[in-house]
Amino acid sequence: MATRFDCHNCTESLYGRKYIESKDRPYCIPCYDSLFSNTCDECKELIGHDARELFYEDRHYHEHCFRCFRCDRSLADEPFTSQDDALLCNDCYCNEFSSKCVACDKIVMPGTRKLEYAGSTWHEGCFICHSCEQPIGSKSFIPDKDEHYCVSCYEDKFAPRCTRCKKTLAKGGVTYRDEPWHKECFVCTSCKTQLAGQHFTSRDESPYCLKCFGSLYAKKCEACSKPITGFGGGKYISFEDRQWHQPCFTCSQCSVSLVGAGFFPDGDRILCRDCNSNL
């Protein structure tokens, strides 16, 4: 008696018929498809054993059902993406969701290098300096209205220039007579000491430190021969063509202070009332 060879599910004989084994058990083709085949997420039909099946994120598709939601292009051998469970070819995805480069008005393709600033997007090669037209890339830049400049071009074009050395002032500096100076360039006309943060004065529009100004231009005290500058609240006494520091204005004979008191000139000397009376 011949051994039976039946479908494990429907028990129909498999002699002379195609069958498929699963876990060492034979199944006729209809039973195998109904038991083990996946359902196409698009058409909701079973994906038969002899059909090419495509799988994406727990979803199964017939090859002919795996298509772009927008243009109906087959995605079987094409790059694609998913948006809200809808499959899209790269072209449709870019046209609908990708940014456009504000310089060339072309799509910035996913995965390509791009730059974003103030809500706008550029291809990396399209984000260039408005002046030298070289790509800025990851370097620092300075915006000016709708234009962008690399730092060196911006400084050449817009940054103020030092009155002395004529080079640009990138930051800081000193303003003197409404003109910009580097701190290291703003120096005493005579001794070249830096004047930034120091008391200074000027003569003929040239700046001087107080020491040099006093030495070069200030009148000398009759008593101590040191310059009388009047800076820093220093008071002085002037009589005819002679000047004294206030502490130096004393009687030439007894050294009493003559500030606010009467005095008498005696040649190059000045005397108090008492010393003048004793002459």
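User: I'd like to learn how to read contacts. Leaving aside neighbours within four places in sequence, which residues is H60 in contact with?

Analyst: Happy to help! One thing to keep in mind as we go: this is a predicted model. A contact list shows which parts of the chain come together around a residue, with close sequence neighbours set aside. For H60, that list holds N38, T39, C40, D41, I47, E53, L54 and F55.

User: Where does H60 sit, and is its side chain joined to others by polar contacts?

Analyst: H60 has its place in strand β4. Its side chain makes a polar contact of 2.6 Å with the side chain of E53, and another, of 3.3 Å, joins it to the side chain of N38.

User: Is H60 buried or exposed?

Analyst: To decide, look at the relative accessible area: a value under 20% counts as buried. H60 has 19%, so it is buried.

User: How do I read the two faces of a strand? Which residues of β4 point which way?

Analyst: Look at the directions of the side chains, then ask how covered they are. In β4, residues 59-62, R59 and Y61 point one way while H60 and H62 point the other way. All four of these residues are buried.

User: And what does a strand with one uncovered face look like?

Analyst: Try β17, residues 236-239. I237 and F239 make up its covered face, whereas Y236 and S238 are on the uncovered one.

User: How are these strands paired? In which sense do β3 and β4 run, and over how many bridges?

Analyst: For a pair of strands, check the direction, the bridges and the residues that stand opposite each other. Strand β3, residues 53-56, pairs with β4 in the antiparallel sense over four bridges. L54 stands opposite Y61 of β4. Now turn to β17: four bridges join it to β18, residues 242-245, and these strands run antiparallel. Here F239 is opposite R242 in β18.

User: What should I look for in the turn of a hairpin?

Analyst: Look at the backbone angle phi. Most residues other than glycine have a negative phi. In the hairpin of β3 and β4, two residues lie between the strands, and E57 in the turn has a positive phi of about 50°. The hairpin of β17 and β18 also has two residues between its strands, with E240 taking a positive phi near 55°.

User: Where else can I find a positive phi in a residue other than glycine?

Analyst: E205 is one case, with phi near 70°. You will find E205 in the loop between β13 (200-203) and β14 (206-209). S225 is another, with phi near 70°, and its loop lies between β15 (219-220) and β16 (227-228).

User: Are E205 and S225 buried or exposed?

Analyst: Over 50% relative accessible area counts as exposed. E205 has 57%, so it is exposed. S225 has 51% and therefore counts as exposed too.

User: How do I read a nonpolar core? How many residues has the largest one?

Analyst: Start with the residue count, then find the members with the most contacts inside the core. The largest nonpolar core has 14 residues, and Y61, F66, C68, L75 and L87 have the most contacts inside it. Strands β3 and β6 (86-89) each supply at least two of its residues. The largest share, three residues, comes from β6. There is also a second, separate core of 13 residues, which includes V174, F186, Y208 and C212.

User: Can we follow one core residue? What is L75 in contact with, leaving aside neighbours within four places?

Analyst: L75 is in contact with F66, R67, C68, F80, L87, L88 and C89.

User: And pockets? What volume has the largest one, and which residues line it?

Analyst: Read the volume along with the lining. The largest pocket has a volume of about 190 Å³. Its lining consists of D41, E42, R59, Y61, C65, R67, C68, F69, D72, D85, A86 and L87. Strands β4 and β6 each supply at least two residues of that lining.

User: Last one: which residues of helix α1 are buried, and what covers them?

Analyst: In α1, residues 29-36, the buried residues are I29, C31, Y32 and D33. Among the elements that cover them are β1 and β2 (25-28).

Definitions and conventions
Residues numbered from 1 in each chain as written. Predicted model: local features only at pLDDT ≥ 70, side-chain atom pairs only at ≥ 80, totals over all residues. Heavy atoms only, no water. Buried < 20%, exposed > 50% of the residue type's maximum accessible area, 1.4 Å probe, protein only. Pairing = 2+ DSSP bridges. Polar contact = N/O pair within 3.5 Å; in protein donor to acceptor, adjacent residues only side chain to side chain. Contact = heavy atoms within 4.5 Å. Core = buried A, V, L, I, M, F, W, Y, C linked by side-chain atoms within 4.5 Å. 1 Å grid on protein atoms, 1.4 Å probe; cavity = no way out; pocket = protein on both sides within 12 Å on 5 of 7 lines; lining within 4 Å. Points joined across faces, edges and corners; volume = space filled by probe spheres on them.
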